Structures are given as C-alpha cells and as structure tokens.
Amino acid sequence: MERNLKELISKMTLEEKAGMCSGLDFWHLKHVERLGIPSVMVSDGPHGLRKQDDKGDHLGINDSIKAVCFPPACLSACSFDRELMTELGETIGREAQATDVSVVLGPAVNIKRSPLCGRNFEYYSEDPYLAGETAAAFINGVQSQHVGTSIKHFAANNQEYNRMSNSSEADERTLREIYFPAFETAVKKSQPYTVMCSYNRVNGVYASENPWLLTDVLRGEWGFEGYVMSDWGAVNERVPALKAGLELEMPTSGGAGDQEIIKAVKDGTLDEAVLDRAVERILRISFKWLDNRKEQPFTMEEDHEFARHTAEQSMVLLKNENVLPLKTDEKVAFIGGFAKKPRFQGGGSSHINSFRVSSALDAVSRMEEISGNVTYAEGFAADKDVYDETLAAEAVEAAKNVDKAVIFAGLPDSFESEGYDRAHMGLPQCQNRLIAEILKVQPNTIVVLHNGSPVEMPWLADVKGLLEAYLGGQAVGEAEVSLLYGKVNPSGKLAETIPLKLSDNPSYLNFGEGEKTVYHEGVFVGYRYYDTKEMPVAFPFGYGLSYTTFAYSNLKLDKDELTEKDTLTVSVDVTNTGNVPGKEIVQLYVRDNSGACRRPDKELKGYEKVALEPGETKTVTMTLDHRSFAWYNADMKDWYSASGTYDILIGASSRDIRLTSAVQMKSSVKPPLKLHLNTTLGELLSDERTMGYGKYLADKMTSFFGGSSDEANEAITDEMNTAMAASMPIRNVVSFGACSKEEVLEGLNKLIEAQK
Ligand code: BGC
C-alpha cells in the first residue's frame with residue numbers, strides 16, 4: 001500500500017511531530033488517532049522476545065510474557081552458519097509478528113574486545129567479518145517476516161563500565177576495520193529497519209549526537225534507509241541529537257525532549273524540515289510493519305525444538321582424548337549444579353522469561369537407554385562461589401564409582417551481566433577446586449562449560465574432554481546430552497580466541513577505568529593480536545572438534561593476479577575422512593605481504609559450513625573482493641590494497657592452516673604523496689613516483705659526506721649510509737649543505753606538479 005507520508009506529515013501539528021520522535025512509554029511509539037497513525041511496539045531482543053505487557057524496564061527486572069529463549073549470540077555465532085542464523089531470525093520474526101511486536105531490538109554486534117565485557121554473551125565475535133555475516137543473515141530472517149530489527153549498539157560499545165558516558169577512543173582505521181564492519185555489512189546486505197545508537201561517546205562525542213556516525217557514515221556511505229533510535233536513555237541533548245541523525249528517543253523523556261524540539265523549531269534554531277524528515281523515516285518503518293501484517297501462527301513447542309537444534313549446531317567440542325562420545329552403556333556421573341540448573345542466558349535487557357528450560361538431567365531422564373546409567377551429584381551450587389565440603393565429598397565419591405565423570409561447570413549470573421564488567425576471567429574457585437579433586441579419582445573427566453565469555457582453565461591439561469556450551473538457550477540440556485552421546489556430531493567452532501590468561505588479552509592494560517577507554521591495541525583485537533604475536537593460547541579462533549575428521553585438498557584460485565576491481569574465486573575440496581557424518585567449517589584467511597602497512601598476521605575473509613557423509617568430498621567455493629584484501633587508509637579516507645603478494649590461507653582454525661596459495665595484487669590506486677621539506681629520503685626512495693628524485697638527493701648526500709680517511713670509512717657501511725639516508729628529511733640535504741634550498745624546492749614542486 002502506497003502512502004503519501006509527506007502529505008500526512010503536513011497535516012500534523014508541530015507538537016504531534018515532535019511527539020513522534022520519542023516513545024509513548026517504555027516500549028511503544030506514539031500514535032495520532034485522528035490521522036490513523038498507530039502506536040507500534042518495539043521489544044527486546046536479541047535471542048528471543050522479552051515482551052513486557054505490564055510494567056516496563058530496560059534491565060530485565062520486571063516480568064515479560066512467556067517466550068522461547070534461543071541460544072544467545074555468544075553461542076549461535078559459533079555455528080558459523082548463515083542459513084541457521086536466517087532460520088533463527090525467521091523463527092523470532094514469526095513470534096514477533098504473532099505477538100504484535102514491530103521491531104525486535106537486536107542483533108547486538110559489538111566486538112568482543114576483552115573477555116571481561118559483561119555483555120559479551122549478547123555479542124557475536126571478536127571478528128568483524130564473522131559478526132557482520134552472522135548479523136546480516138539473522139536480520140534477513142527476521143525481516144522476511146515483515147518485522148523490523150534494531151542492530152545495536154552503534155558504535156564502539158565494548159564494555160559495561162561507565163557504559164552511559166565512557167568515551168571509546170579509537171583511531172579511524174581501527175573503527176573502520178574492527179568496530180564498524182559488522183554494522184556496515186548488515187546495512188549493506190540486509191538493510192535493518194532500525195539502528196540503535198549506543199550509550200557511550202566515540203572519541204568524545206556521544207554516539208546519540210554524533211553526525212559523523214549517524215549521518216555521514218551510516219546513511220551517506222553505507223546507504224542506511226531506516227531510522228535510528230537511541231539506546232534506552234542514551235540521549236544527551238535532544239536537539240543536537242536530532243540534527244545529528246537520531247530520529248527516535250527511547251524510551252520517553254516524559255516529554256522533555258519533545259518540548260526542546262518544539263522550542264528549537266519555534267526559535268529558529270532547528271529547521272522544521274529536519275523534524276519532518278525524522279518523522280517521515282519513523283512513519284515509513286511503522287507503516288511498513290503495519291501494512292504487511294499477516295497471520296503468523298507459531299508454537300512454542302516447535303520453537304523449543306529449534307532452540308535445541310541451534311544449540312546443537314553451535315556448541316564447541318574443545319578437547320576429546322578418546323572419551324567422547326559417551327556410550328549408552330557406560331556408567332557416568334553428572335556432577336555440578338549446572339547439570340540440574342543450567343545457566344543458559346545472561347542477565348539484563350535480553351533476559352527472557354522462558355516457557356520451559358531443559359537441563360542435562362531432564363534430558364537424560366527422558367532417554368530410557370541411558371537414564372539408568374547416569375548418576376548425579378551436585379558437587380557445588382550453580383549460583384555462588386562456596387565450597388561445600390559435604391557436596392564435594394559426595395561428588396568425589398560418585399566420580400570414583402563410574403566409567404566417566406562429566407562436570408557441568410560455569411559462571412553464575414552474578415559473575416557476568418549487562419550493566420557491569422567481570423572482575424576477572426576465572427571460574428568460581430569452588431568449581432576449580434572440585435574439578436581438581438575429581439581429577440584425583442577419575443581420569444576420564446569431561447567438563448561442560450556454561451559461560452558467556454571465556455574462562456581461565458587451570459585444569460585444562462588434565463581433563464580428557466571439554467565441551468564449550470556457552471549459554472545454550474532454554475533447550476541447553478537436551479543439546480548437551482545429544483552432543484555428549486554423539487546423537488549429533490559437534491560442529492561449532494569458536495567465534496573468539498580463548499586466551500590462557502586475562503593478561504594476555506591486548507586490551508588488558510586499557511580496560512574499564514576512568515572516563516575514557518583508549519583502544520591502544522588498534523586493529524590488533526582477538527586473534528589479530530594473538531596470532532601476530534605468535535602467543536600460545538588455550539584455544540584459537542575458529543577452533544572446534546568433531547567426532548569425525550576432515551581432509552583438505554585441491555586449493556584453486558581462479559586467477560593468480562588481480563586488481564582492486566576484480567574478484568577472486570577460491571575453491572577447495574573437503575573430505576570427511578572418518579566414520580560418521582559431520583560438518584566442517586572451512587575458513588579462509590588473507591595475509592598481506594605487501595609491507596605497505598602493519599597489519600594482522602591474517603584476517604578472516606570467508607567461511608562455509610559443509611555437511612559431509614563419511615568418505616564424501618565436496619568442493620567449497622568462496623569469493624573475495626577488494627575489501628577482502630584492503631585496509632583502511634586514513635590518509636586516503638578509503639580502503640586500499642597495496643600492490644604485492646597476498647597469501648590465501650585455508651584453515652580449520654586460525655592456527656590450523658591446511659592449504660596456502662598466493663595471489664598478486666596489481667593496484668592501480670596510489671596513496672597520495674605527502675611532499676614537503678620534511679618528507680624523508682626513505683619515503684621518496686620507496687615510491688616509484690619519487691624514487692628517481694630520492695636517488696638524486698641521496699647521491700648528493702653521499703658524495704658530499706664521502707672521501708674521509710680510510711679509518712673513518714671502515715666504520716661507514718653501505719647499510720649505515722642507506723639507513724641514515726632513509727630517515728633523513730629532505731631539509732637536511734639543505735642544512736648539511738649538499739644542495740641549495742632553491743634547488744630542493746624546485747625539485748619538490750616538479751614532483752607535486754606531476755601528481756596533479
Ligand atoms: C540495552 C539495550 C536494550 C534496551 C531496552 C538497554 O539498557 O542496552 O540493548 O535494547 O535497554 O531494553
């Protein structure tokens with residue numbers, strides 16, 4: 001249905017228009033009945049619906065309607081499965097459609113800069129490519145049901161400490177390469193109905209009133225067509241925010257923001273056309289939802305099954321020394337409070353009122369073939385860090401008398417949540433202690449972890465099996481049991497590196513204090529840092545085991561030379577070399593050997609998940625484009641891939657590269673030259689456009705200094721001459737008297753002219 005929004009807006013009063021730009025209450029937009037403008041509802045997000053009928057809040061305090069809790073982003077991202085993410089989006093979209101929610105507040109795509117960020121469980125990855133692909137697939141799924149999304153929190157919201165005022169300080173290259181691309185990819189590939197700006201400031205300016213972010217980059221460069229809403233309470237000054245491109249203030253400032261807008265229009269400091277445009281953007285989205293409403297039946301039972309499936313496709317098997325899968329006739333002790341009361345989601349605005357939760361014990365009790373062989377001992381409570389001698393002794397006793405022990409460990413809610421960051425990277429001490437005690441009596445010990453972000457594992461070398469369940473959603477226990485018993489073959493891989501210890505993390509010295517957080521590590525986030533530093537890690541990015549094995553062969557590139565205008569098609573064969581069906585996540589990393597700038601050792605630029613029967617081979621094809629090779633050159637204000645050799649690495653993780661090939665980039669773009677008296681001879685010599693002149697000046701210097709005594713000459717090597725010349729500004733050719741200033745300036749001007 002075509003609507004003439006401009007005409008509609010022309011009928012609105014100034015007060016009605018200003019009113020459209022903030023919420024009616026916590027979750028609704030305002031309505032104008034006389035003009036047929038409805039009040040539409042938005043709701044959290046991101047991994048299920050948190051729809052509040054009654055008392056609203058943005059912290060997950062008051063109740064919401066019963067719904068299905070799907071696996072949070074920390075787990076679903078480990079599926080590396082675009083189709084699955086789209087299906088997850090469709091499922092949540094259907095639920096939203098059926099319950100009158102017009103926009104689901106998610107996905108949340110902030111980069112995991114530190115394992116300490118309390119909200120990492122809501123975020124996908126440390127890698128912007130994976131986060132972007134995952135988000136785009138999810139958004140496409142939700143929006144296929146004619147329900148909107150709100151990708152959040154734009155931008156650089158990577159900690160909870162001082163989250164409403166902290167300034168994230170990062171250079172432009174870092175923002176463009178690490179913190180923006182997930183948003184950029186999602187906008188370009190899936191056009192989310194809305195974007196939610198973050199609470200924090202970015203380089204000193206509140207995200208909510210940052211015209212560069214909200215207008216220049218988001219709309220101007222990426223082509224965003226929807227509207228921007230504030231995070232709940234993120235507006236600092238309403239009028240500058242509106243001018244910067246923040247259309248909707250949420251939830252409601254009790255009318256204060258609206259009054260400021262009205263006043264500014266009346267006193268001429270705000271052009272009414274800016275207000276009209278904001279209203280038009282908001283109404284376009286609200287009507288898009290309203291005009292496409294449809295019956296959307298769903299059952300929570302079916303969606304529970306999908307939550308289980310998603311968890312099964314995502315949990316990551318990290319260690320398996322011939323202990324898994326468990327056999328149905330083995331005697332197994334399930335130990336730890338998380339076996340009975342699993343932690344499956346995080347606290348705060350994403351907290352879902354799950355209509356059902358299945359623990360591992362519930363799942364076992366429903367499986368006749370194993371229920372008689374599994375015993376349970378609590379060992380420790382899931383919700384606190386208290387070592388209970390009696391519970392521990394019972395657990396040790398239980399572990400002694402079985403073939404294998406499975407310890408269900410993890411972080412209690414109080415250890416990680418929206419609103420604050422973790423204090424350390426450890427598990428509760430009581431759990432580490434009990435694991436150590438169990439290991440003394442039971443060599444076949446397996447740990448299952450429930451956590452939203454990595455933990456240090458002092459017992460890692462001694463356990464034989466490790467399943468990273470992250471936060472598994474409400475069907476967590478069923479998924480765990482399917483994977484432990486091999487009913488489903490594990491196929492998730494880590495969407496983040498698990499460092500050995502917190503202090504290895506690149507943000508360690510610059511996280512969570514003061515009013516500013518300086519992102520000193522720049523683009524070296526996650527494996528971009530660990531791999532470049534060649535540091536040992538507990539588990540690398542992209543790592544995950546299966547009950548089968550895969551072989552890689554036949555890597556082919558469709559060309560061995562390309563320009564920035566070309567694409568490169570890469571294909572590789574993957575074979576299931578084991579005895580059971582399985583899925584492998586094939587990863588493509590690019591390494592820049594051009595030397596044009598300091599870059600991470602490798603960066604993920606492609607991945608595919610492929611299902612293979614035993615013995616089966618499939619060819620996986622991935623396509624790279626200019627952005628796959630480029631870095632953000634802040635001088636050029638553009639993406640740039642220098643001429644040179646780039647390695648194409650095909651791996652099963654960032655540290656398990658199976659096949660390598662190389663391609664030559666012949667760039668037709670040259671970064672602008674910076675030519676002035678302080679340009680160094682080295683800079684002149686390293687660029688073909690200025691090399692001739694650089695050599696001329698270098699020779700002048702050499703002949704000027706040359707010809708001293710033999711003894712002095714002995715200490716002057718060619719290497720030294722070259723190095724000294726390389727770092728010498730042109731002005732020194734003059735100051736040392738090798739050339740006149742006029743001559744040098746004339747030469748420089750000729751070079752500058754030649755650039756034009
Ligand atoms: C969170 C958002 C959430 C909003 C509404 C805020 O505190 O940062 O992610 O969508 O509340 O609940």
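## Cysteines, salt bridges and a buried ligand

The sulfur of C74 sits 7.3 Å from the closest cysteine sulfur, the one in C78, and that is too far for a bond. Keep in mind that we're looking at a predicted model here. C74 is also well out of reach of solvent: at 1% relative accessibility, the residue counts as buried. C21 tells a similar story. Its closest cysteine sulfur belongs to C197, 14 Å away, which is again too far for a bond. C21 is buried too, with a relative accessibility of 0%. A disulfide is a covalent bond between the sulfur atoms of two cysteines. The cut-off used for calling one is 2.5 Å between the sulfurs, and a search of the whole structure turns up zero disulfides.

So much for cysteines; now for charges. Side chains of opposite charge can pair when their charged atoms come close. The count for this model comes to 65 salt bridges. A good place to start is R82, in helix α4, which spans residues 82-98. The side chain of R82 meets that of E133 in a salt bridge, at 2.8 Å from N to O. E133 belongs to helix α5 (residues 128-144), so this pair ties together parts that are 51 residues apart in sequence. How exposed are the two partners? E133 counts as buried, at 8% relative accessibility, while R82 counts as partly exposed, at 22%.

R82 has another acidic partner to look at. The side chains of R82 and E608 also meet in a salt bridge, this time at 3.4 Å from N to O. Here the link runs between distant parts of the chain: E608 is in strand β20 (residues 603-612), 526 residues away from R82 in helix α4. At 29% relative accessibility, E608 counts as partly exposed.

Next, find K487, which forms a salt bridge with E369; the closest N and O atoms of this pair are 3.3 Å apart. K487 lies in the loop between α17 (476-484) and β15 (516-518), and E369 lies in helix α14 (residues 368-371), so the bridge ties together parts that are 118 residues apart in sequence. E369 is partly exposed, with a relative accessible area of 42%.

Helix α17, which comes just before that loop, is home to S482. S482 counts as buried, at 10% relative accessibility. Its C-alpha atom is separated by 9.5 Å from that of R308, although the two residues are 174 apart along the chain.

Some charged residues join up in a network rather than a simple pair. D127, R528, D592, R599, E603 and K605 are linked by salt bridges in this way. Now look at the stretch covering residues 584-654, which an unreviewed UniProt entry annotates as "domain: Fibronectin type III-like". In the model, this stretch is 6% helix and 61% strand, and its end C-alpha atoms are 14 Å apart.

Finally, turn to the ligand. Which residues come closest to it? Of the 15 residues that surround the ligand, the closest are D44, R119, K152, H153 and D231. The side chain of R119 places an N or O atom 2.7 Å from an oxygen atom of the ligand. K152 has a polar side-chain atom 2.9 Å from a ligand oxygen, and for the side chain of R163 the distance from an N or O atom to a ligand oxygen is 3.4 Å. Taken alone, the ligand exposes 310 Å², and the protein buries 100% of that.

R163 leads us on to E418. The side chains of E418 and R163 make a polar contact at 2.9 Å. The side chain of E418 also reaches the backbone nitrogen of S349, at 2.7 Å. Where along the chain is E418? E418 is in the loop between β12 (404-410) and α16 (429-441). This glutamate is buried, with a relative accessible area of 7%.

How values were computed. Residues numbered from 1 in each chain as written. Predicted model: local features only at pLDDT ≥ 70, side-chain atom pairs only at ≥ 80, totals over all residues. Heavy atoms only, no water. Salt bridge = Lys/Arg side-chain N within 4 Å of Asp/Glu carboxyl O. Helix = DSSP H or I, 4+ residues; strand = E, 2+ residues; numbered from the N terminus. Buried < 20%, exposed > 50% of the residue type's maximum accessible area, 1.4 Å probe, protein only. UniProt positions renumbered as here; feature names shortened; annotations may be inferred. Near = heavy atom within 4 Å. Polar contact = N/O pair within 3.5 Å; in protein donor to acceptor, adjacent residues only side chain to side chain. Areas by Shrake-Rupley, 256 points an atom, 1.4 Å probe, with all protein chains shown as cover.
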